[in-house]
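Reader: I have a model open on my screen and would like to talk it through with someone. Could we go over it piece by piece?

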Amino acid sequence: MTEKTIEFEGIEPVIIFGPYDSYLKKVREAFPDIRINARGAKITIGGDEPDLTAIEKIFREMIFLADQHGEVLENDVNALVSLALSPVSRPSITQAGDKDVIVETKDYVVKAKTDGQRRMVAEARTNDIVFAIGPAGTGKTYTAVAIAVAAWKAKTIKRIVLARPAVEAGESLGFLPGDLAQKIDPYLRPLYDALQDMLTAEKLKFLTERRVIEIVPLAYMRGRTLNNSFIILDEAQNASSKQMMMCLTRLGVNSKAIITGDVTQVDLPKEMESGLMNAQKILKGIKGISFVFLDKSDVVRHRLVKDIINAYEQHEEGRQHGAPKAEEL
């Protein structure tokens, strides 16, 4: 039998234990084989794995919520207990020596599959800002989200903030149905899709409601200072130079950022320079900022995606070398 002690300071015990110890009772009922003793600002738990680790995580999440929001709600406790009992939320053992694993649950493992993705992971470990630039299908967004989730699971950061420019790609927002939130949602959907592969729906809902995970249009980042956070700016080729500077300067104490984009898919007006292209010229050589360039060899989508990218590259090269346009033939 293993025993662990969890202590908390500056928080009233009733916030963690609940009125008349009601929160403690919920946890005890869910894990009857684990001994839980609470006294003052100290909780001692004893029992066998994996339940012991699950209960420790419940209490540490409650302490985090109390520290961040000044309260723990009954719904929070119910969600945490339910998540702890879910098989998907139980940690699994990574195969020894499998350095490609970025983040995992019992039923899902996210690995770096290409050299470009491995470089992203390596650079994110040693730099506070990483630019990942490459064509569609290279897993830039997916890898960046996995790196951020892994950092949150390791408790090296407390919050994940994911942003995207809401730039129209040939369609007008005004013609889309719904209110502003519904119109913007499609732009942020790829970020939700990535998160849903790495977190259960219940866990993701809980974390977004508590603003531990935020998914926002880039414009909503203005004026903020983000401490203890992992920031991801996706589709950064559609950020202006001013927006890029604004986003990068949100970085606070103990924070990191990954900026992803594809310079071949800029949807900005022709007279406006892409902030991603500009950043490559301005920020190159600054210590702590790294640039990772992915190419078609890193594509992990359908096999035809590589052929499509290659065909467009050849077409663009032909235009640059004076090949006649289709309308001229």
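Author: What follows is a chat about this model, a predicted one.

Reader: Let's start broad. How many helices and strands are in the protein?

Author: Keep in mind that this is a predicted model. The protein has 329 residues, and buried ones make up 45% of them. As for the secondary structure, the tally is 11 helices and 11 strands.

Reader: Of the contacts with a separation of 6 or more, what share comes from residues 24 or more positions apart?

Author: Contacts here are heavy atoms within 4.5 Å. Among those with a separation of 6 or more, residues 24 or more positions apart account for 70%.

Reader: And the surface? What part of the exposed area do carbon and sulfur atoms supply?

Author: The protein exposes about 18000 Å². One nonpolar patch on that surface, about 180 Å², is made by Val 263, Val 266 and Met 277. Met 277 sits in helix H10, residues 275-282. Back to the whole surface: the carbon and sulfur share is 51%.

Reader: Is Met 277 buried, partly exposed or exposed?

Author: The cut-offs are under 20% for buried and over 50% for exposed. Met 277 comes in at 34% relative accessibility, so the label is partly exposed.

Reader: On to helix H5. Where do its buried residues lie around the axis?

Author: H5 covers residues 115-126 and reaches 17 Å from first C-alpha to last, close to the 16 Å expected. Its buried residues are Gly 116, Gln 117, Met 120, Val 121 and Ala 124. Because they cover an arc of only 145° around the axis, they are on the same side of H5.

Reader: Why would residues with that sort of spacing point the same way?

Author: An α-helix has 3.6 residues a turn. So residues three or four places apart point the same way.

Reader: Which exposed residues are on the face of H5 turned away from the buried side?

Author: The buried side has its cover from elements that include strands S4, S5, S6, S10 and S11, along with helix H6. The face turned away from that side carries Asp 115, Arg 125 and Thr 126.

Reader: What about helix H4? Which helices do its buried residues pack against?

Author: H4 runs over residues 74-85, with 12 residues reaching 17 Å between the end C-alphas. Its buried residues are Asp 76, Val 77, Ala 79, Leu 80, Val 81, Leu 83 and Ala 84. They pack against H2, H3 and H8.

Reader: Lys 203 caught my eye. Which residue forms a salt bridge with Lys 203?

Author: Lys 203 is in helix H8, residues 201-209, and counts as buried because its relative accessible area is 9%. Leaving aside neighbours within four places in sequence, its contacts are Lys 57, Glu 61, Leu 83 and Trp 152. The salt bridge has its closest N and O atoms 3.7 Å apart, and the partner is Glu 61.

Reader: How many residues apart are Glu 61 and Lys 203?

Author: The salt bridge joins Glu 61 and Lys 203. This pair links distant parts of the chain, with Glu 61 in helix H3 and Lys 203 in helix H8, and the separation is 142 residues.

Reader: Is Glu 61 buried or exposed?

Author: Buried means under 20% relative accessible area. Glu 61 has 6%, so the answer is buried.

Reader: Which residue forms a salt bridge with Arg 164?

Author: The closest N and O atoms of this bridge are 3.3 Å apart, and the partner of Arg 164 is Glu 235. The pair links distant parts of the chain: Arg 164 is in strand S7, while the loop between S9 and H9 holds Glu 235. Arg 164 is buried at 11%, whereas the 25% partner, partly exposed, is Glu 235.

Reader: How far apart are the closest N and O atoms of Glu 273 and Lys 281?

Author: Glu 273 is partly exposed, at 37%, and Lys 281 is exposed, at 58%. They form a salt bridge, and the closest N and O atoms are apart by 2.9 Å.

Reader: Last one, on backbone angles. What is phi of Tyr 20?

Author: Tyr 20 is in the loop between H1 and H2 and is exposed, at 85%. Its phi is positive, in a residue other than glycine, with a value near 55°.

Technical notes: Residues are numbered from 1 along each chain as its sequence is written. This is a predicted model: local features need pLDDT of at least 70, side-chain atom pairs count only at pLDDT 80 or more; totals for chains, interfaces and linings use all residues. Side-chain values use heavy atoms; hydrogens and water are left out. Patches are made of residues with over 30% relative accessible area and no salt bridge: like charges are joined within 9 Å, nonpolar side chains (Val, Leu, Ile, Met, Phe, Trp, Tyr) within 5 Å. Accessible areas come from the Shrake-Rupley method with a 1.4 Å probe; for residues, only the protein chains shown count as cover. A salt bridge is a side-chain nitrogen of Lys or Arg within 4 Å of a carboxyl oxygen of Asp or Glu. Helices (H or I, at least four residues) and strands (E, at least two) are DSSP runs, numbered from the N terminus. Buried means under 20% relative accessible area, exposed over 50%, partly exposed in between (1.4 Å probe, protein chains only). The expected span of a helix is 1.5 Å times one less than its number of residues. The arc is that of the directions from the helix axis to the C-beta atoms.
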